[in-house]
Amino acid sequence: MINSLSLRQTHTVRMVSYKRLNPEDVQFSSEVLSEEPRPVLEEVSVPEPEEASLLPRRLSCSVTTGVVVIGCMLLLLGGGWFLGTMFWLHGPSNQQPHRPPAPAPAPTPDSRVHTGINDTAAASRRKTCSLIPEAWRFDCYPERGVVVTRELCEARNCCFIPASSSSSATRPSGKNGIPWCFYPPDFPSYSLESINDTLLGQKGALVKEMKTYYPGDILTLEVEIRHETDTRLRVRITDPSSSRFEVPISVPTVTKKAQSPDYIVEISKEPFGLIVKRSSTGAVLLNTTVAPLFYADQFLQFSTSLPSQFIYGLGEHRSTFLHDVHWNTLTMWARDVPPMEKTNLYGAHPFYLVVEDGGNAHGFFLLNSNAMDVALQPAPALTWRTIGGILDFYVFLGPDPGSVIGQYVEVIGYPAMPIYWALGYHLCRWGFNSSDSTWEVVKSLRNYRIPQDVQWNDIDYMEQFLDFTFDSTNFATLPDLVKDLHAHDQRYVMILDPGISSTQPEGSYWPYDEGLKRGVFIKDAEGKPLIGKVWPGLTAYPDFSDNVTHEWWYENLQRFHDKVPFDGLWIDMNEPSNFLDGSTNGCPSNSLENPPYTPGVLGGLLRAKTLCASAQQKLSIHYNMHSLYGLMEAKASASAMKRIVAKRPFVISRSTFPSQGMYSGHWLGDNRSQWKDLYASIAGILTFNLLGIPLVGADICGFSEEPQEELCVRWTQVGAFYPFTRNHNAISMKPQDPTAFSPLARTAMKQALLLRYSLFPFLYTLFHHAHVHGHTVARPIMFEFPKDVRSYGIDKQFFWGKSLLVTPVLDPGVDYVDGYFPAGLWYDYYTGDSVSSKGEELRLHAPLDKINLHLREGSVIPTQMPNLTLWVSSGQPLHLVSALSDDGSASGDLFWDDGESIDTYENNQYTYIVFNVAQKVMTSQVLHSNVESTYVTVESVSFYGVKQKPSRVLVNSQDASFTYKANQVLTVADLGLILSQNFTISWM
């Protein structure tokens with residue numbers, strides 16, 4: 001069992017004290033009160049070497065009177081400063097999280113406390129500080145809610161320069177994130193004492209002479225550099241004297257050093273730092289010498305330069321796909337909050353991808369689950385600031401963006417292959433007040449012949465919001481509804497929250513009674529079940545880090561499945577969410593609840609709307625485990641579903657962490673019915689595809705607020721191209737399923753969904769490549785055109801795979817859309833009309849019933865006649881669409897299996913076919929076959945970009961009829977070819 005943080009009780013009287021100011025309860029700690037006003041006591045002490053202070057060494061006066069006089073003066077000045085600060089603190093505050101400190105007037109020289117450094121040295125130091133460019137100033141005082149004064153800053157031995165007004169032209173409007181207090185070049189850090197070669201690389205000892213301003217400094221560290229593969233470097237910095245918490249996910253074990261790495265590692269000894277370069281170009285991918293390394297018990301920090309400003313990933317946040325590097329801090333700590341900018345959201349993903357000059361790309365992953373800030377600055381540079389665990393990080397060399405993601409998911413785990421119906425249309429709402437009203441909507445969609453694979457229920461179905469129950473009055477017909485869905489080849493998914501009611505009469509609620517008996521619930525600091533509050537009232541929280549809990553969870557699901565044979569699970573509220581802060585009994589007052597440094601979490605406290613950080617779980621304290629809660633519940637849920645249904649499990653989770661794609665998909669949370677939310681959803685799905693969770697989507701039409709018809713139509717068109725497609729709605733809002741709107745809108749939505757269903761063979765194949773190779777499904781344009789800088793910031797368009805470009809309308813009241821087309825040949829998906837682009841923006845016609853799709857030259861995609869469920873449509877004949885390059889070539893592929901058995905690829909129960917077109921000949925080559933492909937035929941093929949009308953078309957050397965249109969589209973129909981057999985189609 002991994003122990004919790006080792007909270008050292010080192011003697012800190014000679015340390016420079018730090019301040020902790022919570023946005024909601026700003027006050028001085030007693031430690032600060034007792035230490036800060038008395039610097040004179042530290043000045044006259046002679047520190048022992050291992051306790052050396054960061055304050056500059058000062059000569060102590062040999063005259064007692066001098067000491068007393070200077071001491072009195074300093075006490076008076078310190079007391080005056082203290083009273084002034086207290087007055088400020090008790091006044092009204094308009095400080096908000098993530099805002100820079102308000103300007104504080106710099107004290108005049110004669111009002112400042114004398115430092116004991118002579119004027120020449122001080123002037124020299126000031127000059128050295130002033131030479132550091134603003135973009136390269138690394139924040140020495142990142143605490144929020146503090147007006148950073150010169151005294152506070154210099155007490156940390158840092159440079160203090162209020163940001164110049166002259167630089168306002170280069171700053172984002174209304175912001176000034178340039179730190180006023182920043183590290184000088186000579187700030188004490190670790191040095192490399194020794195280093196030795198190992199089987200995988202090198203191992204060294206790091207030492208530091210001086211303590212920092214955070215308690216629990218670890219002065220001796222071990223660094224291990226592992227050359228794991230030619231494209232993957234791993235670095236671990238640990239405490240050799242004491243084990244610390246490490247994230248309990250499986251990563252590859254390597255026994256042999258990479259022979260021809262794509263990277264060069266250089267080591268700076270004094271101060272210690274790592275520089276990682278790309279061998280082929282010399283580009284510096286990582287340089288940690290730019291700022292000091294911190295490694296205290298509850299504060300670990302290091303910085304790096306970035307080779308460009310083009311940085312992506314770092315989930316989960318509401319932002320553009322391309323992050324802003326202008327003093328932008330992203331906080332990670334799982335939190336239940338409707339998506340908003342500058343806020344830590346449901347998941348934590350400390351991974352980024354950077355595109356370098358010239359189009360190469362690399363990735364970086366910090367394997368750490370503690371609360372953290374990731375600070376971006378325009379140098380460009382980045383600072384990781386976490387409050388626990390170890391520093392364990394990977395660098396992925398790519399060199400193209402797609403390869404970076406493949407290398408990342410090779411470490412965290414490849415995403416699961418979804419069950420086929422996961423890719424159909426899902427319908428849900430909070431506010432189906434009965435099983436009959438739920439059933440009516442299902443029947444209505446059937447009547448209008450609108451595709452639907454899955455019907456969901458929110459918490460309405462439960463008896464008093466109790467997990468593993470259903471309302472025997474309003475949802476009495478729920479078992480019959482599920483039976484009817486199954487009879488129509490449809491599926492049923494219901495919500496489960498982790499909170500288990502703790503107030504039911506003893507013996508009446510098996511989940512709690514049995515859970516208590518088995519000890520499955522998270523415990524408070526005193527070892528009793530921690531009690532919070534969510535929908536059913538007071539609740540206990542299962543500890544999914546314990547295998548005993550997994551078995552209890554399975555048994556609960558099995559018992560409920562015996563009554564209502566559900567097909568998949570929707571796990572919500574698993575940050576975990578709590579309507580209280582901590583518990584019904586509050587939380588202890590200690591350094592876990594109130595760490596020396598608190599990242600910029602919403603609410604300013606780790607326990608805000610979740611559990612106490614000091615709560616106890618099987619593997620560790622909640623302080624370490626919090627952001628892993630959703631991952632561990634997903635793992636337990638997927639495992640249980642495999643046992644219950646003996647098919648691929650379907651789980652959708654709100655909270656996520658790296659490796660979650662192995663167990664679940666994700667939806668982007670409680671969005672709003674607004675156009676800006678529609679736009680933001682694209683960045684969300686693209687980012688989660690980077691993070692190894694390709695089965696992702698947003699609530700179509702928006703969750704909260706009243707849906708507008710035009711918005712809902714446009715959103716359904718975009719949503720038809722989310723990898724996971726679900727319409728979901730909040731309680732008390734008007735219905736927003738397709739049947740709730742006008743005939744015109746309903747028809748447009750139906751067309752969009754039928755279009756999705758027709759593309760199922762293509763989409764299913766993309767998920768196969770995600771599962772086996774770590775590819776993205778929804779893909780940013782820049783992944784396919786990494787040398788085209790104009791593509792780097794595009795998040796209003798996206799690809800499916802490398803072939804299909806989606807250009808949706810994201811604005812109200814327009815019948816056109818502007819889209820960027822990288823250089824090359826593009827074909828209108830519907831007509832085959834070609835467009836040759838030099839890398840330019842084109843205006844496209846986009847009436848309300850159309851979403852623009854374009855095929856990229858050189859691609860072949862398999863499609864199918866759609867039907868009302870994927871079970872039916874997946875048996876229909878195939879139609880292949882070939883978009884020829886200028887030289888007449890194209891290629892594509894198809895993965896096919898039974899759609900639901902576990903590990904079909906791993907067990908060789910699948911068909912895989914490659915399509916190639918070259919020199920007027922298409923070949924279909926079956927590389928692997930199984931019985932499923934014998935049930936499907938290829939009925940027709942269209943070739944876009946055939947420059948001359950053929951005189952003959954041959955299918956397997958036999959003449960065949962064909963049509964040829966003036967827009968250079970050749971179509972060969974009525975083929976009846978068996979998919980499992982090779983074939984050729986040629987023309988002359």
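**Notebook: salt bridges, sheets and surface of a predicted model**

I began with R843, which is exposed at a relative accessible area of 56%. The coordinates come from a predicted model, and I kept that in mind for every entry below.

**Entry: R843 and its partner**

I looked for the partner of R843 and found D818, with which R843 forms a salt bridge of 2.8 Å, N to O. R843 sits in strand β37 (residues 840–845) and D818 in strand β34 (residues 816–821), so this pair ties together parts that are 25 residues apart in sequence. I then checked the cover of the acidic residue: D818 is partly exposed, with a relative accessible area of 34%. For R843, the class follows from the cut-off, because exposed means over 50% relative accessible area and R843 has 56%.

**Entry: other salt bridges**

I searched the whole structure and noted 37 salt bridges. I took two further pairs and one network from the search.

The first pair I examined was E555 with R518, whose closest N and O atoms are 2.6 Å apart. The pair links distant parts of the chain: E555 belongs to helix α10 (residues 547–563) and R518 to helix α9 (residues 510–518), 37 residues apart. I recorded E555 as partly exposed at 24% relative accessibility, and R518 as partly exposed at 26%.

The next pair was D581 with K609, whose side chains meet in a salt bridge of 3.1 Å, N to O. Both D581 and K609 lie in the loop between β25 (568–571) and α11 (622–625), so the pair ties together parts that are 28 residues apart in sequence. D581 is partly exposed, with a relative accessible area of 31%. K609 counts as partly exposed as well, at 32% relative accessibility.

I also noted a network of salt bridges that links E228, R232, R234, R236, E246 and D392.

**Entry: the sheet of β7, β8 and β9**

I traced an open sheet of three strands in the order β7-β8-β9, with antiparallel pairing. Its edge strands are β7 (263–269) and β9 (284–287), each of which pairs on one side only. I computed the turn between neighbouring strands of this sheet as 15° on average, direction ignored.

I followed the pairing of β8 (residues 272–278) with β9 and counted three bridges between these antiparallel strands. For K277, the bridge partner in β9 is V284.

In β9 I also looked up L285. Is L285 buried or exposed? L285 is buried, with a relative accessible area of 1%. I then checked L285 against H362: the two are 77 residues apart in sequence, while their C-alpha atoms are 7.5 Å apart in space.

**Entry: the sheet of β22, β24 and β23**

I found an open sheet of three strands in the order β22-β24-β23, with antiparallel pairing. The edge strands here are β22 (500–501) and β23 (531–534), and each pairs on one side only. Two bridges join β22 to strand β24 (residues 537–540), and these strands run antiparallel. I looked up the bridge partner of I500 in β24 and recorded A540.

As a general note, strands of a sheet pair through backbone hydrogen bonds, either parallel or antiparallel.

**Entry: the two sides of α8**

Which residues of α8 are buried? I listed L478, L481, V482, D484 and L485. These residues cover an arc of only 160° around the axis, which puts them on the same side of α8. On the other side of α8, I found K483 and A487 exposed.

**Entry: a nonpolar surface patch**

I looked next at a nonpolar patch on the surface, formed by F465, W535 and F579, with about 260 Å² of accessible area together. I placed F465 in the loop between β20 (454–457) and α8 (478–487). F465 is partly exposed, with a relative accessible area of 33%. F465 can enter the patch because residues of patches need over 30% relative accessible area, and F465 has 33%.

Conventions
Residues are numbered from 1 along each chain as its sequence is written. This is a predicted model: local features need pLDDT of at least 70, side-chain atom pairs count only at pLDDT 80 or more; totals for chains, interfaces and linings use all residues. Side-chain values use heavy atoms; hydrogens and water are left out. Two strands pair if DSSP finds at least two bridges between them. Helices (H or I, at least four residues) and strands (E, at least two) are DSSP runs, numbered from the N terminus. Axes are lines fitted to C-alpha atoms, for helices over the stretch in contact, and angles run from 0 to 180 degrees between N-to-C directions. Patches are made of residues with over 30% relative accessible area and no salt bridge: like charges are joined within 9 Å, nonpolar side chains (Val, Leu, Ile, Met, Phe, Trp, Tyr) within 5 Å. Accessible areas come from the Shrake-Rupley method with a 1.4 Å probe; for residues, only the protein chains shown count as cover. A salt bridge is a side-chain nitrogen of Lys or Arg within 4 Å of a carboxyl oxygen of Asp or Glu. Buried means under 20% relative accessible area, exposed over 50%, partly exposed in between (1.4 Å probe, protein chains only). The arc is that of the directions from the helix axis to the C-beta atoms.
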